[in-house]
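Colleague: Can you walk me through this one? I have a few short questions.

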Amino acid sequence: MKKNIRIGIDTGGTFTDFILFANGTLHIKKIPSTPKDPSKAILQGLSSYLKDRPSLQIVHGTTVATNSLLQRTGKPIALLTTKGFEDVLFIGRQTRNQLYSLKGETKVPLLPSSHCIGLSERTSASGQVIKKISCEQIRKAVNTVKKCRAKAVAISFINSYANTENERAVHRAFENQGIHVSRSSQILPEYREFERTVVATVNAYLMPVISQYLDNLERKLNKVSLRIMQSNEGHISPETAKKEPIRTALSGPAGGVVAAYDLGKRTGYHQIVTFDMGGTSSDVSLIDGQIQRTHENKIGEFPIRLPIIDINTVGAGGGSIAYLDKGGSLRVGPQSAGADPGPACYGKGSHPTVTDANLVLGRLSAEHFLGGQMDIYPERSQEAVKKMGQRMHKSIWETAAGIIKVANANMSKAIRVISIERGIDVRQFVLFSFGGAGGMHAAEIASMLQIPTVLVPKNAGVFSSLGLLQADSIKDYSMTLLRTTDSSSIDSVLDQKFGELENKAQSEMNNEGFSLENMALEKYLDLRYYGQSFEITVPYRKNSDHLNEFHKIHERIYSYSHPDRLVEIVNIRLKAMGITQKVQLKKISKAGSSPDKARLTKQNIYYKGKQEQAVIYDRSFLKPGNRIFGPALVVDTESTTFIPSDFRSEIDPYLNIVLSGKEETRV
Amino acid sequence: MSEFDPIELELFKNIFVSISEEMGAVLERTALSPNIKERRDFSCALFNKKGETLAQGSHIPVHLGAMPLSVQASLKFIDFEDGDMVILNHPYKGGTHLPDLTCISPVFIKGKLCFFVANRAHHSDVGGMSPGSMPLADEIYQEGLIIPPVKLVRKGKLEPDLFHFILANVRTPEERKGDLMAQIAANHKGINRMKETVAKYGSQKTFQYASLIQDYTERILRQTIDQIPDGKYEFSDYLDDDGISQDPIEIGVKIIIQSDSSIIDFSSSSEQVRGGVNANSAVTYSAVLYVFRSLVNEDIPFNTGLLRPLNIIAPQGKVVNAQFPCATAGGNVETSQRIVDVLLGALHQAVPKKIPAASSGTMNNVTFGGLNPESKRPFAYYETIGGGMGAGFDYDGLSGVHTHMTNSLNTPIEAMENYLPLQIQKYSLRPHSGGHGKSRGGDGIVREYIFLVRTQISIISERRRFAPYGLQGGMSGKKGINMLIRADGTKIKLNSKVNIKAEPGDVLHIETPGGGGYGKKE
């Protein structure tokens, strides 16, 4: 049997991360990104493997879609709507983002209003075609779109979720015209015209961009197996990504959650809070037996109602700037010092940041910062924090501890929002902390939320790219039903509609290269009490008690339920998974409990109002079974883990650091 | 400066603000009527035991000044016990206009009343002479069911008699029931979170920072007012009419800025009127607070601290401080907007580069209802339509948005058509309706409804006679238009405020005003 080399490639703003799995071992590589043509960095990183082309399997996470959308670098597009609704994107939900700004935010539209073309056609809410679209209207549409020199066209008619006929008639006319088509009833057949039109239009906007990017990459890679990561925890073929590029637009933080889910399965943790803290922001999400998903997301100002991993992002990271506001309150973020000028200790900036506070408190080692590859000026951190402290009449240590306290409060609030506020008790959960800065804050955040255990995975700094190798192929399907569960023949309607989705899913997954035995299908219903506007997604199996499940979840989240009230099925959903082989992480047998071989030096730290001495350990020398009692710092090339004096830790067989409170009797 | 720890202040600020936001999330997600769940026409807030606001979720500005008055009014009439929840809508006893139902719950800690939580939501029907309860009335009794502060929940138990009584007086009782349940759930969330906070930080510290957070807001507003040149600034503008007579109604203001405080005097405004555009003092307070809050660039909690530097003079019996039993349906939604217009007009003289031209100045309230012949059930619906935003010194106004005192969302057309016997024929921007100038005012909106069954319509709108003003040589925005087009094509021009019946096939055509322009076009 031929041996495969599996490579995850994660293109980020600064670095392109490579994670390679061959012969049972993982290799990691970082190459500076090439934003103008991201494929350059990819080719450079792959150069030594390209001779083995047929054995390479690449899963690629890209920010091309997100960047193109946020920076508006796409080509001209057009939008076809029902006549009278041409401005649907411009009116949106008729609101302003900032309640108290007299100015109102500036919006940069994806297309000029002259490219929004209204066609005479109409479908009723019940799905009846009131006005069939005429051939003349269709001809007009094609000609006008061509006149706009649009490279892609979005089609979104009122009530098309209830009947796709008119949209499909227009769609057919654009086939073989060399123009990409994004049809709303195809990509998001759900009710609410603005949200559906946004998805169709953003998708159209990204089609030319992603097609060009992937065509170019495929040509250069020449016959290498390539998969593209989506925001929904799974990957798809480049062919599909070109048709539905919007599904890749939020793929950035998805990898970390997938990697955490996989690692959780191996280490026996099924209830996990993931905490990924970077330079400017932190991403948190919940795994409760499975990865949690949401349909309510935003990219920039666009609401994107597609299923993606439910990740909450908060503007608090290592580079977040601390300041005293006009009213004398200590604020941290969301402004960030970024990589340039960076925290004061980088030698350029003078504002104190979270990283500077960590350095002052001794939770970072200047000598071992990023493996010692970078020059650090701790005296600049001291100066910046001290200056702020003088204005607050506080010592430098109290001030630094205050900065950390406020930042931790912001991050634990982000976790609260996705857990406790939804009725989920996180005291049973494990906090998985990764990203460059997470390890310095994880123990304290866990304490604040009463989470008993923290796991800092090996390779915490590049953990997200590991997720690329652990993801399945996933496609999501949905359809609006808007029927109450007491309506006649609802069971056969569900059978029939799910049947339609299943057929579609099976044939498309087949095209993705998955046979029936490697395929798993999960069914869900979006339910609400008749008359409500927000839905709860519950798993559906024939004869399952999904209604009871719905009442239970409603009770959990909103603290009341009405089992006798009428329930409405808003959408049906199907998640199709093509199961891939996962990377088998190596388990290492236990060594003794003493970590002395990894011991480097000692350093003063400040914790809970006291000065203490912490031992610094080199993570690369730690072995399974080693135990470290706080106060201690564990350093490696990408990140630092802080073990406070009221915590202890043990290295597990996968070389993860597992922290728990000292009063706990965990062995 | 009073003693405080900048770190603790920041932590408590976040806690109080997030509690009010969590309450809002519960209300939005579990309510039944589109007006609450889709349009988010509601507000949630926390108060100290005197009924002073600590923090209010950023929801609807027009509720802002009014909510503490609700709590204070119920303190006057009610002897609170643990587990109670008071409901009210009486505009002269803590309410604003009748459709806004406010629910107030005390937070008892160890047997002592310590805080209040409250939420207010606009219900799409509270009875009265026309569906949607936003009629053209000349006394408050026609506008709907009047609820003075009464206990809907007593010691944790719903009062079934009162509940049935309320539901018997509204057109869509099922929806009201669901919405009220959501309001109760939202207060529960707030009570529990306040109790958790006290359990975690102790009552002394919580009280201390509950007071310090008000000082914080006050401090920042004072710094902001201090930047405005001292002086007297006057401005006046008009409401089209009260819907009963055709007389314009003047709103006049004199703002005196004295170092870090201000006197806002509405003495030159018209007397209260017969039709329902009267504002009670709560509405006027809300408008003043909104304008001064908007002058602050920082992100600050909305609370009683904002009131402290302001001395508001609104003599009793004026249209800005109407007395019982005046009709008030439109005071909250329309007069409040004109009060903002005159306040901004006056402040423009002091800080011309900071203050924009008039925005559309109306919420274009459309209510309708009737009997659905298919389901044999009554329907009632309320919505507002956005307009153009006024242009500023160096920016154009936004088009097709809600401005100033409201920020409620539109209801998706596909949701409306699913639930009501009508079709929307057009929903688009209104080209060239924004005032020209160096900076352009935003455009208004055109909306057309085709009614499929006989439907009773009420419209309360403004800026159909007096256009939104431009500034510094900028043109004014275009006035709004209301029209009914009968199935046979006959066009009937409608007044700014009207009650009318539509027959199947009739089309209601509304064009909303644009925003004023700023500066002479070169």
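Modeller: Keep in mind that this is a predicted model. In chain B, the C-alpha centres of domain 1 and domain 2 are 30 Å apart.

Colleague: Where do those two domains of chain B begin and end?

Modeller: Domain 1 of chain B covers 6-218, and domain 2 of chain B covers 356-522.

Colleague: How many residues of each are in contact?

Modeller: Domain 1 of chain B puts 19 residues in contact with 24 residues of domain 2 of chain B. On the domain 1 side, eight are nonpolar, five polar and six charged.

Colleague: Switching to the chain contact. How many residues does each chain give?

Modeller: Chain B gives 56 residues and chain A gives 45 residues.

Colleague: Which element of chain B gives the largest share?

Modeller: That is α1(B), with twelve residues. Elements of chain B that give two or more residues also include α5 (173-201), α6 (203-226) and β14 (422-430).

Colleague: And what is the make-up of that side by class?

Modeller: The side of chain B that touches chain A has 25 nonpolar, 18 polar and 13 charged residues.

Colleague: What order do the strands take in the five-stranded sheet of chain B?

Modeller: The order is β14-β15-β20-β17-β18 in chain B, as an open sheet with antiparallel pairing. From one strand to the next, the twist averages 15 degrees.

Colleague: Which strands stand at the edges?

Modeller: β14 and β18 (491-494) of chain B do. Each has a single partner strand, so one side of each has no neighbour in the sheet.

Colleague: How many bridges join β17 to β20 in chain B?

Modeller: Five bridges join β17 (residues 481-485) of chain B to β20 (residues 507-511) of chain B, and the two strands run antiparallel. Ile485(B) is opposite Val507(B) of β20(B).

Colleague: Over to chain A. At what angle do α9 and α14 cross?

Modeller: Helix α9 (residues 254-267) of chain A and helix α14 (residues 463-470) of chain A cross at roughly 70 degrees, and their axes come within 6 Å. That angle is why α9(A) counts as roughly perpendicular to α14(A).

Colleague: Is the crossing left-handed or right-handed?

Modeller: α9(A) and α14(A) make a left-handed crossing.

Colleague: Which residues make the contact?

Modeller: From α9(A), they include Gly255(A), Val258(A) and Asp262(A). From α14(A), Phe463(A), Leu466(A) and Gln470(A) are among them. By class, the contact of α9(A) with α14(A) has seven nonpolar, six polar and one charged residues.

How values were computed
Residues are numbered from 1 along each chain as its sequence is written. Chains are lettered from A and ligands numbered from 1 in the order in which they are written. This is a predicted model: local features need pLDDT of at least 70, side-chain atom pairs count only at pLDDT 80 or more; totals for chains, interfaces and linings use all residues. Domain bounds come from an automatic or database domain assignment. Two residues are in contact if their C-beta atoms, placed from the backbone, lie within 7 Å. Ala, Val, Leu, Ile, Met, Phe, Trp, Tyr, Cys and Pro count as nonpolar, Asp, Glu, Lys and Arg as charged, and the others, Gly among them, as polar. Axes are lines fitted to C-alpha atoms, for helices over the stretch in contact, and angles run from 0 to 180 degrees between N-to-C directions. Helices (H or I, at least four residues) and strands (E, at least two) are DSSP runs, numbered from the N terminus. Angles under 35 degrees count as roughly parallel, over 145 as roughly antiparallel, 65 to 115 as roughly perpendicular and the rest as oblique. A crossing is left-handed if the near helix is turned anticlockwise from the far one by less than a right angle, and right-handed if clockwise. Two strands pair if DSSP finds at least two bridges between them.
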